[in-house]
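Here is a walk through one fold, taken piece by piece. Have the viewer open and follow along.

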Amino acid sequence: FTTAIRSTLQSQSPAFGFWLTLNSAGAAKTLLRSTSNNKSGGFSWVLIDAEHGLITDRDYYELNNAVASEGASPIIRVPWAEEWMIKRALDAGAHGVMTPMCHSEEDAAKIVKFSKYPPRGTRGYGPMFAPHAIPGVVPGEHHDAQADDSLIVVVQIESRAGVENVEKIAAVDGLDVLFIGPFDLAKQMGVARGGEEHEAAIQRVLKAARSAGKKAAIFCTDGNDARARIQQGFDMVSIITDVGVLAEGMNRQLAVAAGN
Ligand code: 3PY
């Protein structure tokens, strides 16, 4: 089987996504459905954030199915790179997992191992519900043969160590995407977000990913930010969060109503 995110990344067109922090299938579907006729082609992925935000693993199944039903790929950011957390996200039908704070090639290799079935990895077997959110897989049929190759493994580079080891991380087999968390990166490095050192670190990650044939991704705060990153060569960008767009839209309409 293939997924929206994998085919978009393979086609080399920008993979636009957004961040879901609300445990609401209605919010996810509204944001996807209302942009489905957008000239950009809409979103190919949604980050379901269980590291921060209101989502827990009790929400995974419903959210994965809501996102997949709109033709996009649900990617779950698990709270931490723990084997049982990655397993539960994939078992609930995520098309990929993202793990925070990858600092080294050992971290990256471990995350790949947790995400793949034996013999490539150690993922435990129990995909009763995963096929429900995966197009082209008939429920009841095993999807394990293709899961290892089709589901994507995304690690976040958001620390000084992560940047210093990024060339070795990018070389890890089975890893698909290096995803920069610019907020944590600035805080962990102790530098200003948008400052020279921060930007140099971001460019180093971009270069390392591309030289190793991996995809480069970054969290953006708005459309302008995302557009600039795509122009720099990023393959995958999240353009805004669900709550960010709610707050921005509401402020804009309130200002119009008040005439200011
Ligand atoms: C960061 O910017 O630190 C992220 O992980 C995205 O929210």
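In which loop does Pro-119 lie? Pro-119 sits in the loop between helix H5 (105-115) and helix H6 (144-150). Helices here are DSSP runs of H or I with at least four residues, strands are E runs of at least two, and both are numbered from the N terminus. The peptide bond leading from Pro-118 into Pro-119 is cis, with omega near 10 degrees.

Some housekeeping before going further. What you have is a predicted model, in which local features need pLDDT of at least 70, side-chain atom pairs count only at pLDDT 80 or more, and totals for chains, interfaces and linings use all residues. Residues are numbered from 1 along each chain as its sequence is written.

Now for the overall layout. 8 strands close into a barrel in the order E1-E2-E3-E4-E5-E6-E7-E8, with parallel pairing; two strands count as paired if DSSP finds at least two bridges between them. From one strand to the next, the twist averages 25 degrees. Angles like this run from 0 to 180 degrees between N-to-C directions, with axes taken as lines fitted to C-alpha atoms, for helices over the stretch in contact.

Start at E1 and E2, which pair in the parallel sense over 4 bridges, and where Trp-19 stands opposite Leu-47 in E2. Helix H3 packs on the sheet here, touching E1, E2 and E3, and its direction makes about 145 degrees with that of E3. Within H3 (residues 60-69), the buried residues are Tyr-60, Leu-63, Asn-64, Ala-66, Val-67 and Ala-68. Buried means that 20 or more other C-beta atoms lie within 10 Å of a residue's own, exposed means 12 or fewer, and partly exposed is in between, with C-beta atoms placed from the backbone. The cover over these H3 residues includes strand E1 (15-20), helix H2 (25-33), strand E2 (45-49), strand E3 (73-77) and helix H4 (83-91). After H3 comes Gly-71, with a positive phi near 85 degrees.

Phe-16 is another one to click on in strand E1. Phe-16 counts as buried because 23 other C-beta atoms lie within 10 Å. Neighbours within four places in sequence aside, Phe-16 is in contact with Ser-40, Phe-43, Ser-44, Val-237 and Ile-239, where contact means C-beta atoms, placed from the backbone, within 7 Å.

Moving round the barrel, E3 and E4 run parallel and are joined by 3 bridges, with Arg-77 opposite Met-98 in E4. E4 is covered on both faces: Gly-96 and Met-98 on one side, Val-97 and Thr-99 on the other, are all buried. Just past that, the loop between strand E4 (96-99) and H5 holds Met-101, which has a positive phi of about 50 degrees although it is not a glycine. Met-101 counts as partly exposed because it has 18 C-beta neighbours inside 10 Å.

Gln-12 also has a positive phi, near 70 degrees, in a residue other than glycine. Gln-12 is found in the loop between helix H1 (4-11) and E1, and it counts as exposed because it has 9 C-beta neighbours inside 10 Å.

Next comes strand E6 (residues 177-180). Val-177 and Phe-179 point one way, Leu-178 and Ile-180 the other, and all are buried. E6 is joined by 4 bridges to strand E5 (residues 152-157), running parallel, and Ile-157 stands opposite Ile-180. Another 4 bridges join E6 to strand E7 (residues 215-219), again parallel, where Lys-215 is the bridge partner of Val-177.

What about the interior? The largest nonpolar core (buried Ala, Val, Leu, Ile, Met, Phe, Trp, Tyr and Cys residues joined through C-beta atoms within 7 Å) has 79 residues, and those with the most contacts inside it include Val-46, Leu-178 and Val-205. The largest share of this core, 6 residues, comes from helix H10 (residues 196-211). Beyond its neighbours within four places in sequence, Val-205 is in contact with Ile-157, Val-163, Val-166, Leu-178, Ile-180 and Ala-216.

Last stop, the ligand. Gln-156, Glu-158, Gly-181, Pro-182, Phe-183, Asp-184 and Phe-219 surround it, each with its C-beta atom, placed from the backbone, within 6 Å. Helix H9 (residues 182-189) gives the largest share of this shell, 3 residues.

Technical notes. Contact = placed C-beta atoms within 7 Å.
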